[in-house]
Amino acid sequence: WMIYLGLVAACRYGAMMAVDTLIARLRGRMRLFLLVVIAALSIGILLAMAWYGLDITIRVRFQSLAGIRNPFNGERVSIAWMYAALPVGALLAAVATFAHLLEQIQATLAGQPD
């Protein structure tokens with residue numbers, strides 16, 4: 001869970017999945033085009049991760065973590081809680097990537113540097 005929530009923060013600030021050197025050298029329409037392409041590819045990958053992550057989470061919902069019991073009711077804990085980090089983190093990261101893209105487009109149109 002910590003890794004996927006960290007991925008959300010990294011995507012929100014644009015710390016991952018970008019070609020910084022090339023983006024910094026481009027201006028105008030080419031910069032906007034590259035920003036949109038990178039964001040679209042990133043969001044596409046993240047949505048694929050969410051889709052397959054949800055699939056595997058649903059498949060393992062009847063399995064339980066070995067030797068761990070819920071302290072409140074004594075029942076076994078489903079391993080799906082561990083797998084759920086993938087679709088949740090990927091969906092949140094896709095939203096964060098889209099938000100970062102909008103900020104970059106706004107800054108580029110305003111003529112502001114990164």
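Analyst: Buried means under 20% relative accessible area, exposed over 50%, and partly exposed in between (1.4 Å probe, protein chains only). This is a predicted model, in which local features need pLDDT of at least 70 and side-chain atom pairs count only at pLDDT 80 or more, while totals for chains, interfaces and linings use all residues. Residues are numbered from 1 along each chain as its sequence is written, and side-chain values use heavy atoms, with hydrogens and water left out.

User: Why is Arg12 called partly exposed?

Analyst: Arg12 has a relative accessible area of 27%, which falls between 20% and 50%, so Arg12 is partly exposed.

User: What makes the meeting of the Glu103 and Arg12 side chains a salt bridge?

Analyst: The N to O distance is 2.9 Å, and a salt bridge requires a side-chain nitrogen of Lys or Arg within 4 Å of a carboxyl oxygen of Asp or Glu, so the pair qualifies. Glu103 lies in helix 5 and Arg12 in helix 1 (helices are DSSP runs of H or I, at least four residues, numbered from the N terminus), so the pair ties together parts that are 91 residues apart in sequence.

User: How do you know that Arg59 and Asp55 are separated by about one helical turn?

Analyst: They are four residues apart in helix 3, and therefore about one helical turn apart; their side chains also meet in a salt bridge at 3.1 Å, N to O. Arg59, at 60% relative accessibility, counts as exposed, whereas Asp55, at 32%, is partly exposed.

User: Why does Arg31 count as buried?

Analyst: Arg31, which lies in helix 3, has 5% relative accessibility, and this is under 20%, so Arg31 is buried.

Notes:
Helices (H or I, at least four residues) and strands (E, at least two) are DSSP runs, numbered from the N terminus.
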